[in-house]
Amino acid sequence: MKIPASGDHHAWPALFAHRLGGALAPENTLAGLEISRQLGIPAVECDVKLSADGVAVIFHDERLERCSNGQGRLAEQHSAALAALDAGRWFHPGFAGEGIPTLAALAGAAQQAGMMVNLEIKPCPGREHETGHLVAQQAALLWQGAARQPLLSSFSLSALLAAQAAAPALARALLISGWPSNWQQQAQACAASALHADERDLSQERVRAVQHAGFALMAWTVNTEQRAAELDEWGVDMVCSDRPDRLLHRLSPPPAPAAG
């Protein structure tokens, strides 16, 4: 499906690796991005938060304990302290030394790999507007002139409105869970191009409603071939998966034949 974004049309990949590498690597690390690249996954999703000194970093939780050897709230740590943490050993000793990437580091690696990125703006409480503004502003600069521009998404309408003001040319997507009755009004309020919904909330009727409203639709988090096939049949445009390796052959187009 061709998705309109700021007057242009962009073809978005059908398959995104959740948190850069899904279940195949420590989440939100460059190791996950590299594994996805090696597998031929065309696109990745990740979470972006702000450090205490306003640096955009790739991390999901508000606290550091689950996915690093740090302690406390990420928003209270300066970027230099976050850079010193190990974000890989918790997953497997073979990933020891893997760090928490900055948005800048991710942008460079993703562009070098030729992969599209869905940046989920994941603000810490009370920093919705600030995070939306700074992430969008930095993303616009980091991907300036790139062939594959990032897609900004968030559960926070405030963050998306700030992102829209800071970088109106970057496409936006509203994340929802539980299927709120006003999803269309929220998506229209921030001029979103897409809706990202929990796959457990989707029915064929709801997929048709999103299509009729003119939005692209991503389903998260889809981990079985059976469900991916059903959603594809219904017309879902994109899926985000913890097991993109299982879905790659079904959701990605085959490579073009070699010339000659």
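**Notes on the predicted model**

1. Let us start with Q211, which has its place in helix α7, residues 204-213. This is a predicted model, so please read each value below as computed from predicted coordinates. Q211 is partly exposed, with a relative accessible area of 35%. Once neighbours within four places in sequence are set aside, Q211 is in contact with W234 and G235. The G235 contact has a polar side to it: a polar atom of the Q211 side chain lies 3.3 Å from the backbone oxygen of G235. If you would like a distance across the model, the C-alpha atoms of Q211 and G114 are separated by 28 Å, with their positions 97 residues apart along the chain.

2. Next comes the pair formed by helix α8 (residues 225-234) and helix α9 (residues 244-251), whose axes come within 10 Å and cross at roughly 35°. The crossing is right-handed. On the α8 side the contact uses E225, A228, A229 and D232, and these meet R246, L247, H249, R250 and L251 in α9. By residue type, this contact divides into four nonpolar, one polar and four charged.

3. A second helix pair is worth viewing alongside that one. The axes of α3 (residues 103-113) and α4 (residues 128-142) come within 10 Å, crossing at roughly 35°, and α3 passes α4 in a right-handed crossing. Here L103, A104, A107 and Q111 from α3 meet V135, Q138, A139 and L142 from α4. What is the make-up of the contact of α3 with α4 in nonpolar, polar and charged residues? The residues divide into six nonpolar, two polar and no charged.

4. Now to S68, which sits in the loop between β5 (56-58) and α2 (79-83). Is S68 buried or exposed? S68 counts as buried because its relative accessibility is 8%, and the cut-off for buried is under 20%. Its side chain has polar partners in the backbone: a polar atom of the S68 side chain lies 2.8 Å from the backbone oxygen of L64, and a polar atom of that side chain lies 3.0 Å from the backbone nitrogen of G70. Apart from neighbours within four places in sequence, S68 is in contact with L85, D86, A87 and W90.

5. W90 leads on to the aromatic residues. The structure holds five aromatic pairs. One of them joins W90 and F91 in an edge-to-face arrangement, with 5.6 Å from centre to centre and 80° between the planes. F91 and F95 are also edge-to-face, with ring centres 5.6 Å apart and planes at 75°. W90, F91 and F95 together form one aromatic cluster. As for accessibility, W90 is partly exposed at 36% relative accessible area, and F91 counts as partly exposed at 32%.

6. A17 is a good residue to inspect in strand β3, residues 15-17. A17 is buried, with a relative accessible area of 0%. Which residues does A17 touch, not counting those up to four places away in sequence? The list is S36, I41, A43, V44, E45, C240, S241 and P244. For a distance across the model, A17 and L134 are 24 Å apart in space, C-alpha to C-alpha, and 117 residues apart in sequence.

7. Finally, some backbone geometry for you to look over. Most residues other than glycine have a negative phi, and most peptide bonds are trans. Against that background, the peptide bond from W220 to T221 is cis, with omega near -15°. T221 lies in the loop between β10 (216-220) and α8.

8. Positive phi values belong on the same inspection list. W179, a residue other than glycine, has a positive phi near 55°. W179 is found in the loop between β8 (172-176) and α6 (183-189), and at 12% relative accessibility W179 counts as buried. A191, also a residue other than glycine, has a positive phi near 50°. The place of A191 is in the loop between α6 and β9 (194-198), where A191 counts as partly exposed at 38% relative accessibility.

Methods
Residues numbered from 1 in each chain as written. Predicted model: local features only at pLDDT ≥ 70, side-chain atom pairs only at ≥ 80, totals over all residues. Heavy atoms only, no water. Axes fitted to C-alpha atoms, helices over the stretch in contact; angles between N-to-C directions. Helix = DSSP H or I, 4+ residues; strand = E, 2+ residues; numbered from the N terminus. Left-handed = near helix turned anticlockwise from the far one by under 90°. Contact = heavy atoms within 4.5 Å. Nonpolar A, V, L, I, M, F, W, Y, C, P; charged D, E, K, R; others polar. Buried < 20%, exposed > 50% of the residue type's maximum accessible area, 1.4 Å probe, protein only. Polar contact = N/O pair within 3.5 Å; in protein donor to acceptor, adjacent residues only side chain to side chain. Phe/Tyr/Trp six-rings, centres within 6.5 Å; stacked < 30°, edge-to-face > 60°.
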